[in-house]
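Q: Please take a close look at the salt bridges of this model. Which side chains pair up, and how exposed are they?

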Amino acid sequence: MPPAAIDFQEGQGRLLELIARGAPLTDALQQLARLIEAQCDGLRCAVRVLDAEGQPGCPAAGTPAGAEAGWSAPIVSKDGALLGSVALLGQHARPPTAAETDLLARAAGIAAIAIERQRHEDALQQAVLEQRAIFDNATTAIFLVKDRAIQRCNRRLEELLGYEPGELNGQLTRVYFPSDAAWEAFGEAAYARIGAGEGFVADTEIMRKDGSLIWTTAFGTAIDPADLSKGTVWVGVDISERKRTEEALQAALIEQRAIFDNVNGGIHVVRDRVTLRCNRGFEAMLGYGPGELDGRSTRMYFPSDEAYDEFGRLAYAPIAAGRPYIGEIELVRKDGERRWFASHGSVIDPQDPGKGTIWISHDVTERRRAEAALQELLLEQQALLDHSAIGIAFVVERTIVRVNGELERMLGYDAGEMKGRSTRCWYTSEEEYEAIGAALAPVARAGGVFSRDMQLVRRDGSRLWCSVHAKGIQADRPELGGVCVMQDISGRKQAEAALVAANERLERGLAEVEQTRSEISLLSELSSFLQACATAAEAHAAIADYAPRLFPASAGALYLQEGDGIELMNEALRWGDKPLVAHFINDECWALRRTQPYRLDQPSSVRCCAHVNAGHRAVGPCACLPLLAQGKIFGLLYVEHAAVDGARADARHRLAVALAEQCALALANIGLRETLRQQSIRDPLTGLYNRRFMTETIRRELARAARQGQGLAVAMIDVDHFKRFNDTYGHDAGDVVLQAMAQLLETHVRRSDVACRHGGEEFVLLLAGLSQARAEQRAQELLREVRALKPTHGGRPLGNITASIGLALFPQHGKTPEALIEAADAALFRAKAAGRDRVLVA
């Protein structure tokens, strides 16, 4: 017999009152089942509750027998956790009515209230038991105080103060303070903090029953911050031994910290190759925050395992033998930059090496860089000196620092024999030495060149005539010294001409070396920027910035091919004020036709490229440089120069070729990265975004919708009877259907929407900023367009297509990606079950 009819509102009120009074969960759920069955003629209600691990348990209420079909609704907690399910079961399969669906939802809500209330009471009971165990068995003193009188305490407090069990209960806390003043001061400080809703912590000297004093750390807080009259709870820890130790160490620690923190350099203490502690100087040198290195392996700031192991062998061998290690090592900062450090390491305690080592380090990177740059400059300079046809000497305070081989040969000295000698060695007399010095000094201070033809003395005492030119390296810095250039002028006319030519070659060589160095530096800097560019637009901007600096007074452009198979070059960027063409076909360029750089120093000839000579304008020296990737041309770098001499023109052309290679490599890599990215987020069959991209995008869109207070709709779309297409026409025909659906979705979505293939014949649409009504309208429009599709395969029509759509909206149906997808999928399932070719909202 069906249960007697019960008014739902009245029954719901009595049931909620029963739950509020703490009725057992099983009783409450059974009464809920009876209430639901009373509203449904011929249906039975069953409630199933998941256990604490989320596993299904036995039915908590209702045991329908003989039921063959039905519907269920999940029981969900306030925080979205699944608690169980409520089901309506009958004898025959049919869709639920709207009233039955609403009834299931209300039943699930009441069941959630009952289950959460029961679980909350269970958790409270467990917490009370745990608290009692902690209070009775704690190794620290715990006691409750009200109106500054001890209400209850554990045995540890009684032992700490020397009292018998129960002897402290009811006594004022004044009993363990050494004086009234101390008691009052502690009370003022403690209860001011506690009254402000904060916890109180302090080290306090207290008195035992026998009158002895001990130190404790007291932790106090209100039992109920909302009602201070309920008292406070206190925890006390005996710290007497710690206090004595602290006082003994305090003076030593102050001295050590002053040294540790203020020393000029980095200090770190290491044990077993793990940093125990370090000063702020060492952390700053390696780019770490305070305390960030403590407790971490020293491997973290070595560039490789090999460098780490090699340093261990080099450094710890002398340390193990009782000697300090002194050396320079390369370390890696937190940001990845490598820097050099001079390090001094030794054991902390020679009697016990196991206590670790202490290291003092100084950053010497800039010094090493300066030394390397100086060494390179000296090598370049020495190469110029050694291959010069004239004698050259560098002099500081009239002492020879270095000379070239030609001067040694001229004056008859062996290699290196003149270094360190006074320039007096090549003068004929002391008087001449003094006179030349007096004449040279004002010229050098003025930045001028002192020139004179004079006799010099060879090592064997013989004399030869030389034309001597001396100049300070930098007029305002006489300590840098000067350079002396000497030429044998036995034949005066010839010698003077040779000296002028040698001087000019030297200065030009130095200028060219400096210019080449500057160009290489700029090209290297551009290469670094190009490697860091994420898009072609960023790379174009970098090239447009650096090209005019690499080629002053020049003009040029970067052209890129229209696409695969289209031999048309379009301008991507340009610099300079020349009227260059914006696009041209590949056959108009000799470099593209020959697949190699094409240089033209006299562009007026008939060999000038058609795209360069367009408009019959006056053209300067120029070069067309193809951009190749994997043997295929994809662009062209065109550079038009100002006229220069032959040697400089060759160097400039080499620089242009190098620039073209850098541009080709960077642009090809950017293109490859973009291709790989598209392949990783696109479905190969339909061209739509894949499930991985959808998963990433929905999280971003949910965050944006929550931040902007807008809605987000998730439409789960499934092609109806898709298996029929595969079974009837073959899988290729099925692919045609999926591709037709994909093309429809791409044309249907807005720029802010995202269409993805979820898998199989399922698609997902993310519709940003739509209300539920507008989202349903869009979904219905999409169904109409699906019905209008008429795909064909092999010349045969594949028949009509329909689809079913499940719609879920944020935040109504879920606030997480998983919840929204699950809600949309459930709505899609219901749309399928309801007859397909329709839209249902979760």
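A: What follows goes through three of the pairs in turn. This is a predicted model, in which local features need pLDDT of at least 70 and side-chain atom pairs count only at pLDDT 80 or more, while totals for chains, interfaces and linings use all residues. Residues are numbered from 1 along each chain as its sequence is written, and side-chain values use heavy atoms, with hydrogens and water left out.

The structure holds 52 salt bridges, a salt bridge being a side-chain nitrogen of Lys or Arg within 4 Å of a carboxyl oxygen of Asp or Glu. One of them joins Glu159 to Arg155, at 3.8 Å from N to O. These two residues are four apart in helix H4 (residues 155-161), so about one helical turn separates them; helices are DSSP runs (H or I, at least four residues), numbered from the N terminus. Glu159 is partly exposed at 44% relative accessible area, and Arg155 is partly exposed at 34%. Here buried means under 20% relative accessible area, exposed over 50%, and partly exposed in between (1.4 Å probe, protein chains only).

In helix H7 (residues 280-286), Arg280 and Glu283 are three residues apart, about one turn of the helix. Their side chains form a salt bridge of 3.2 Å, N to O. Arg280 is partly exposed at 39%, whereas Glu283 is buried at 4%.

Glu337 and Arg339 meet at 2.7 Å, N to O. Glu337 is partly exposed at 30%, and Arg339 is buried at 12%. Through shared partners, salt bridges link Arg333, Asp335, Glu337, Arg339, Asp363, Glu366 and Arg369 into one network.
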